[in-house]
Amino acid sequence: MLTIDAKGIYYRDLNQKVREAVSKGEKEILLKNVNGQYYIATGLRNEATITIEGVPGNDLAAFMDGPTLIVKDNAQDNIGNTMNSGKVIIHGNAGDVLGYGMRGGKLHIRGNVGYRVGIHMKGYKKQIPVIIAGGKAGDFFGEYMAGGMLILLGLDSSDKRPLVGDYLGTGMHGGTIFIRGGVDKKFCGAEVSVHELTDDDRTLLEGYLTEYCNDFKLNLLDVIKVEFKKIIPTSLRPYGNLYAY
Amino acid sequence: MPTTQVEGIAISPLLWRYFVKPLTEKSEREVANLEDDDFVVRTVMKINSEIDGAYVFSSGKNMGAFKGVGNPGEIARFFKIEEYDGYIWTGHTRFPTNTPGWWGGAHPFTLLDWSIVHNGEISSYGINKRYLEMYGYKLTLLTDTEVVTYLFDLLVRRHGLDIETACTALAAPFWKNIDDMPNDEKEEMTALRMIYGSALMNGPFSILFGHSKGLVGFNDRIKLRPLVAATKGKTVYMASEESAIREICSSPEKVWSPRAGEPVIVELEI
Amino acid sequence: MFKSLSLPEFLAKIDPVKCIKCKRCINNCGWSVYSWGGDKVLIDTFKCVNCLRCYHYCPEEAITILDNPVKYRKNANWGYYNIRNLKKQADTGGIPLTGMGSDMPYPVLFDSLLIDACQVTNPSIDPLREPMELRTYLGKKPAKLEFEKAKGGKSKLKTKMPPQIKLEMPFIFAPMSYGSISLNAQKTLAIAAKELGIVMNTGEGGLHEDIYPYRSNIIVQVASGRFGVNPDYLNAGVAVEIKIGQGAKPGIGGHLPGEKIPLDIAKTRMIPVGTDAISPAPQHDIYSIEDLRQLIYAIKEATNYTKPVSVKIAAVHNVAAIASGIVRAGADIVYIDGFRGGTGAAPSVIRDHLGIPIEHALAAVDERLRQEGIRNEASIIAAGGIRSSADAAKAIALGADAVALGTSALITMGCTVCGKCYTGNCSWGITTQRPELTVRLDPEVYAERLINLIHAWSHELKEILGALGVNAIESLRGSRERLRGVGLDSHTLDILGVKPAGR
Ligand code: SF4
Ligand code: SF4
């Protein structure tokens, strides 16, 4: 286990250190006193678990391919940008544009997430990216989503804001969104429809949630006692009629 | 203006600070029918647009702007910032997006006691500028943020809107949401959008609007730029990134991201 | 004896091998080009106007319409139309008439303007996924809003909003009267306007009872002929428009000949059957701007201040000052019709040589109203040659609140801009009152096509807004910063308030 004190370290130096350690085969890294450094674990490959204390900067885990990140506090914007595989666990809240174009791996967030989460997430063959957020989400959740899975839980009942913002799944043409509790159709994009879960959906969902609950020491039964709704696109080609030839 | 030599700031403009007061006898002023504030605004516009190479970048009674080209630490030392006390501070550093950095084009953009720092781009600059010109503002600083300062001056000081209403006009709700509002509110919002359509600020932005009685943070209608707010005790913090807040307040009590177009309005407790 | 010394413009030809002698062309042609010769179709090519109705209805594609290869000798100075019109005048001693907008090759400034787009420093917005707003309100806007404290400390709106026309997109249909176009054409416009949440305009021919159900999507017009105008009419629509002039024929009146006034039109216009419907050149109660004010307020009184009043003028040299006067006279909307605007009938000499283009006029008016600090006092409608959503976007960037579509709307009904509307023989059933022709225009069917067009243009406008990085039409309106001129001289750029490309 390698510990790096990130206090006051410029992001390039910090990330250089992390890359070097991982390439030398270090499997456990603890970054202490992180505050705002961009690109932590960006483009990083191999198996390694990096624990981050403090608030990491934007583009955390962008293009990441393999490692596991555990953020003890809040995190900022653009996490998991075009991420390929691996896992990011965030114990606090996270910001906007999470998992943009994400192609695989998992993003588990305990708290709230911002705007445009899961935007244009892709799925291809066995690559199924998954984002699970425990709190509430802003507008454009799952915007132009093309694959993968977005799960929103809204576990904190003391937060009186709506569970999810407007324009949910707008432009969505692939993948699945599961929302714990209901969602008003008027906040959904024109391209999606809301469904009850099938038994297969439930099995699938419980699989993902079991792992999520383990990460945060939650009781699965508490999470699934509330009904979920499934949101899927009505068409794979929502704009087929838009153009004249 | 008291400054000091700082490594990294090789050249600076001639900086002068004057403490001025419009003549009390209005008839002796160049334009007699203006209130003091309007007279100051007019004079600032006149200097900025008519005197070649001269700019007024701070014109408040209870507000001072310190800005320049350099990194923020250097600029702060250059202006001996540690010698000033203040109850509201805003700071800003930018990558000059559309114009090369120049001293007048640095943030904040101020007028009277209003100050604006801005992250993003006002894509509606073209029409905001023409709208303001109709009211005698002259846009001389070659950058989009300038419109924000003048829009607040126009809407709040001259049109008498309260700050929340002004923010709502500048980052207005969508028609779709307005159509769903109860009648009174719908009527109000419709009127606001109709009348202040040319003032609508479009494009990605998060903005801090500082004035002598408080601080306002808000962002664009679809939240294309980030904004984070936090509190600890009686102090409020706002920034584009949470880490910036943590840099000066390592453990805030409450941290949140305001929703699109939803202003965070903080007023001084006096 | 010769038929005429003016050459036929077009040569209609039927391929005798392909023709199956079904005679559809004979029935379809409104100009009687074709007739039955016992064993084949005979062609009187002098009558052909190239409206292409026959072509579209010939099941065998046996018909071709060519530009007449027999030409006057090429001459850069004496063009075809110079010689032909001269000969026609020699034939008849009359004033050559024409229809639709000018076809003279004056430069179209819209084609020399390019729109900006975002790259990196300001992001574009995806118009399909993110909200994009085109809603537009036409009417007077107070300069500022005032609130008052109501009970319980809540603030309440104090400013009283003047009446507005609400448009879901910044398009309206240009005024075209029943008489100049058929009732079916008007119905088509009305159905589409209602479905789209925009408005059509009755033109000066009164309001037919069949159009009444579309009242909330209608502007009623008052012109010098005052056809069909009574208090009910004034209150029938969402706004009233005073027509001073028309882009295609500024400064002159109109004349619908008595032969074209059958019972139904007579009833709508409230005049006896068979009398000429004459629209004098001036409104005889308006000889000055004070008189205009008097009429505007007479209409406001008659409608109890519940309807915005629009004033439609042709774009002429002094249009900026005129528009300023109109706004000061109390108009809520100024409708500016550029010289390329269409008409049912106008003397060629007027249509092709009087007035100025909409681009110059619009730019001058918007700038003038801003300089005078009264731009909020009235909305501007730009018309006269809007051919595409790009033209519309450019007009809006120059300062228009909305654009009006006349010719474009008729093209969706089949019109091919043949320019022969004044003959009353339109084969497409648009600018004709001949019942056998007007029945061809099924309003329900053609409204669908018109709706398609406006939807397509709206999508295109949204794409443009998205590329500009804004999500509401008001951020484009008057934003000349987002336009650049290509190949324009500095005076023109100055008038347009637009920078040259590259700057
Ligand atoms: S419509 Fe065509 S096929 Fe029929 S008669 Fe005319 S030219 Fe012949
Ligand atoms: S309306 Fe008819 S007559 Fe007029 S130009 Fe169009 S097709 Fe020709």
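A residue counts as near a molecule when one of its heavy atoms lies within 4 Å of it. Keep that cut-off in mind for the ligands. One more thing up front: this is a predicted model.

Start with ligand 1. Its surroundings come from chain C: Ile14, Cys19, Ile20, Cys22, Lys23, Arg24, Cys25, Val41, Cys58, Pro59 and Ile63, that is, C:Ile14 through C:Ile63 in that list. By class, this shell splits into 9 nonpolar residues, no polar ones and 2 charged ones.

Now ligand 2. Which residues surround ligand 2? They include C:Trp31, C:Met100 and C:Trp428. C:Cys415, C:Cys418, C:Cys421 and C:Cys426 are also among them. So is C:Lys420. The class split here is 8 nonpolar, 3 polar and 1 charged.

Stay with C:Lys420. Its side chain meets that of C:Glu9 in a salt bridge, 3.7 Å from N to O. C:Glu9 sits in the segment before β1 (10-14) of chain C, while C:Lys420 sits in the loop between α12 (407-412) and α13 (435-438), so this pair ties together parts that are 411 residues apart in sequence. Buried or exposed, C:Glu9 and C:Lys420? Both are buried.

Next pair, still in chain C. C:Arg340 and C:Glu359 form a salt bridge, with the closest N and O atoms 3.1 Å apart. C:Arg340 is in the loop between β18 and β19 (346-347) and C:Glu359 is in helix α10, so here the parts tied together are 19 residues apart in sequence. Again, both residues are buried. There is also a network. Salt bridges with shared partners join B:Arg130 to a set of chain C residues: C:Asp366, C:Glu367, C:Arg370, C:Arg375, C:Asp401, C:Arg477 and C:Arg480. Over all chains, the salt bridge count comes to 60.

Compare a local case in chain B. B:Glu133 and B:Lys129 form a salt bridge, closest N and O atoms 3.1 Å apart. They are 4 residues apart in helix α3 (residues 125-133) of chain B, so about one helical turn separates them. B:Glu133 is partly exposed at 36% relative accessibility. B:Lys129 is partly exposed too, at 24%.

Now a helix. Why call α8 of chain C largely enclosed by the rest of the structure? Because 7 of its 10 residues, in the run 319-328, are buried. Those are C:Val319, C:Ala320, C:Ala323, C:Ser324, C:Gly325, C:Ile326 and C:Val327. What do they pack against? Two helices, α7 (289-302) and α10 (358-371), and two strands, β17 (309-314) and β18 (333-337), of chain C. Just after α8(C), C:Gly330 takes a positive phi of about 110°.

On to the interfaces. Chain C and chain B first. The contact involves 41 residues of chain C and 36 residues of chain B. The buried area is about 3,200 Å², with 58% from carbon and sulfur atoms. There are 6 salt bridges between these two chains. C:Glu133 with B:Arg221 is a salt bridge, N and O 3.1 Å apart at the closest. The polar contact count is 14 residue pairs. On the chain C side, β9 (155-157) and α10 each supply at least two residues. That side divides into 15 nonpolar, 11 polar and 15 charged residues.

Then chain A and chain C. Chain A gives 11 residues and chain C gives 7. Together they bury about 750 Å², 56% of it on carbon and sulfur atoms. In chain A, A:Tyr144, A:Tyr239 and A:Leu242 lose the most area to chain C, together 53% of what that side buries. The salt bridge count is 1. A:Arg116 and C:Glu130 meet in a salt bridge, at 2.6 Å from N to O. Polar contacts come to 3 residue pairs. The chain A side has 6 nonpolar, 2 polar and 3 charged residues.

Last stop: a lysine. B:Lys223 lies in the loop between β4 (214-219) and β5 (228-232) of chain B. How buried is B:Lys223? Its relative accessible area is 4%, and buried means under 20%, so B:Lys223 qualifies. Its side chain makes a polar contact with the side chain of A:Asp96, at 3.3 Å. B:Lys223 also touches A:Tyr115 and A:Arg116. From chain B, it touches B:Ser257, B:Pro258, B:Arg259 and B:Ala260.

Note on methods. Residues numbered from 1 in each chain as written. Chains lettered and ligands numbered in written order. Predicted model: local features only at pLDDT ≥ 70, side-chain atom pairs only at ≥ 80, totals over all residues. Heavy atoms only, no water. Buried < 20%, exposed > 50% of the residue type's maximum accessible area, 1.4 Å probe, protein only. Contact = heavy atoms within 4.5 Å. Polar contact = N/O pair within 3.5 Å; in protein donor to acceptor, adjacent residues only side chain to side chain. Buried area = accessible area lost by both parts, 1.4 Å probe. Salt bridge = Lys/Arg side-chain N within 4 Å of Asp/Glu carboxyl O. Nonpolar A, V, L, I, M, F, W, Y, C, P; charged D, E, K, R; others polar. Lists of a residue's contacts leave out its neighbours within four places in sequence.
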